[in-house]
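Reader: Could you take me through one part of this model in detail? I would like to start from the end of a helix and work outward to what surrounds that part of the chain.

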Amino acid sequence: MTRFVLPVRRWSRMTQFLSLFCLCLLLVVSCSPRQQTTTSTTSTSSPNSATGDGRITIGTTSKPRTLDPADAYELASLGLVFNMSDRLYTYEPGSTEIKPQLATALPKVSADGLTYTIPLRQGVVFHDGTPFNAEAMAFSIKRFIENKGKPSFLLADTVDSVKATSESELTIKLKKPFAAFPSLLAFSGVCPVSPKAYELGAGKFKPETFVGTGPYKLAAYGTDSLRLDVFDKYWGEKPANQGVNVQIQTSPVNLFNAFRTGAVDVAYLSLQPDQIRSLEEGAKKGDWQAITAQGSVVSYMVLNRNQKPLDKPEVRQAIASLIDRPLLNQRVLFNQADPLYSMIPTTFNVSQPLFKDQYGDGNVDKAKQLLTAAGFSKDNPAKVEVWYPASSPTRSLAAQTIKSLVDQKMEGILVLEAKTVEGATFFKEIGKGLYSIALLDWYPDFLDPDNYVQPFLACQKGSVAKGCEDGGSQTQGSFYYNEAVNKLIDQQRKEQNPEARKQIFTQIQTQVTNDVPYVPLWQNKDYVFAQKGVSNVQLDPTQNLVYKPIKK
């Protein structure tokens, strides 16, 4: 049977982002940052500019593990691959709608939803001069699957065959219908690579080279820096700069100082909340620029329906009522996030704030009523444990904040204990059902609402009595089982009509709001800082900093 469930290794990308937040023991309130998606268009030179040769210097703490697109799965690697490559489809900055890039149109889909025919751009060459064509694209997709790198499951679980049906036409057949498939083709790693520079075969990777078709070619690769030069034979619009130097800093403190002293033009990933707050204050005074964009990473609470007292829906609903997102945002996140009221983030137009409508925030009275209806009282309290990985100070503070709220407001009807365990153990054991409640983050593999639904709710084997025994909800630790939801997931995967698909997602979100296998908490914001003379700094919806339009 074809499996679409994301494996546990999906969570490994979270370690790339833990340094975004630090443990704050004081209760701090900060002003919400001004939202904008690009910098101003001024091109005035700055005395703090890192270079004067038209090149852009980007500072980061994110060190790439590999540059091989068939094995790149962390943001540090994917961000570089993204900027040196093209895909069949890509995103407009600030939008989750895909548009053709190396394809010349959206795919033609067969009536059964299994065959995708894609027309390709002509006159494109790889960085080594090899012509790009349908054969090269088919080779690259086969390599992505057959070399068995970390992200290979994204296509291996989905694609049955891929072949060039002409010089400029690619035909892909799927194992089963999947309406979000074009979004998979926009994943940074699903980019064409030169057949002369790479080979097929499990484990045959080239981690320190890159030969694609994008606007930049790799000129130098070092342990603490990379040099990307403009590709003079690029088919599309040339970069607005003369190239990019990437400086890999050893710590957020070093990145913070490098930006403040003007040693880098742009700072992105990963600054800590207090550093972000400090740089935002400097931006308000005109010292530099702060750019924020709505992120696609969500944080949430898993409720294990196989552990008492969470087997009672009223208890899960009481916890959903109790959660105070504005309080978490203020005390845990320095207001550097947005409250989330659906497991599908507001990045997508199908998102419905149903948890806000049904439960609100910090609705203590409703929580008490639900627990009382479930048979609990001060003499017979509902007792639950909230678990989080020791490697996450943000979730540690979130757990302590929730515990404090319960202790102060619930008058003993609910008793909550915050508990931690080493990160590797946490992610290994969660699918075994050891944790009653767990705090997690989710970094999407591809931008479609399906990626926030299927991995959380789908269950291939289970029952109402036992919960999920094999599937996405078992992997996530909620063990949620609902056959109606399984059918709705299958329906949205087959449905090609966007409006009809949106209605299905509404039905799914409604059911989740009632059943409460998860409680959505917050949706991240992404922060970039640029010197005054730098313009057109943009973030792709997949969290990638887009190098091509940046100039100074």
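Author: Happy to. A residue counts as buried when its relative accessible area is under 20%. By that cut-off Val516 is buried, because its relative accessibility is 0%. Please keep in mind that this is a predicted model.

Val516 sits in the loop between α16 and β19, the strand of residues 518-530. Its backbone deserves a look as well: phi of Val516 is near 50 degrees, a positive value in a residue that is not glycine.

From Val516, step back into the helix that comes before its loop. Helix α16 covers residues 498-515, and its packing partner here is helix α15, residues 483-494. Two packed helices are described by the angle between their axes and by the distance between those axes. For α15 and α16 the angle is about 160 degrees and the axes lie 9 Å apart. Angles over 145 degrees count as roughly antiparallel, so α15 and α16 are roughly antiparallel to each other. The crossing of α15 over α16 is left-handed.

Now for the side chains and backbones that make this contact. From α15 come Val485, Leu488, Ile489, Gln491 and Gln492. They meet Arg501, Ile504, Phe505, Gln507, Ile508 and Gln511 of α16. Sorted by class, the residues of this contact are six nonpolar, four polar and one charged.

Going back once more, ahead of α15 there is a loop that links it to α14, residues 472-476, and Phe479 is found there. Phe479 is another non-glycine residue with a positive phi, in this case near 60 degrees. Phe479 is buried too, because its relative accessible area is 8%. The loops on either side of the helix pair thus offer a matching theme: Phe479 is buried, and Val516 is buried, while phi is positive in Phe479 and in Val516.

Further back along the chain we come to the disulfide. The structure holds one, and it is formed by Cys459 and Cys468, with their sulfur atoms 2.3 Å apart. The torsion about the S-S bond of Cys459 and Cys468 is about 105 degrees, so this disulfide is right-handed. Cys459 is buried, with a relative accessible area of 7%, and Cys468 is buried as well, at 2% relative accessibility.

For a contrast with the α15 and α16 pair, turn to helix α5, residues 252-260, and helix α6, residues 273-284. These helices pack at an angle of about 10 degrees, with axes 10 Å apart. Because angles under 35 degrees count as roughly parallel, α5 is roughly parallel to α6. On the α5 side the contact is made by Pro252, Val253, Phe256, Phe259 and Arg260, which meet Gln275, Ser278 and Leu279 in α6. This contact has five nonpolar, two polar and one charged residues.

The stretch leading into α6 has a backbone feature of its own. Leu269 and Ser270 are joined by a cis peptide bond, with omega about 0 degrees, and Ser270 lies in the loop between β11, residues 266-267, and α6. A cis peptide bond also joins Lys308 and Pro309, again with omega about 0 degrees. Pro309 belongs to the loop between β12, residues 289-303, and α7, residues 313-322.

Definitions and conventions: Residues numbered from 1 in each chain as written. Predicted model: local features only at pLDDT ≥ 70, side-chain atom pairs only at ≥ 80, totals over all residues. Heavy atoms only, no water. Disulfide = S-S within 2.5 Å. Buried < 20%, exposed > 50% of the residue type's maximum accessible area, 1.4 Å probe, protein only. Axes fitted to C-alpha atoms, helices over the stretch in contact; angles between N-to-C directions. Helix = DSSP H or I, 4+ residues; strand = E, 2+ residues; numbered from the N terminus. Parallel < 35°, antiparallel > 145°, perpendicular 65-115°, else oblique. Left-handed = near helix turned anticlockwise from the far one by under 90°. Contact = heavy atoms within 4.5 Å. Nonpolar A, V, L, I, M, F, W, Y, C, P; charged D, E, K, R; others polar.
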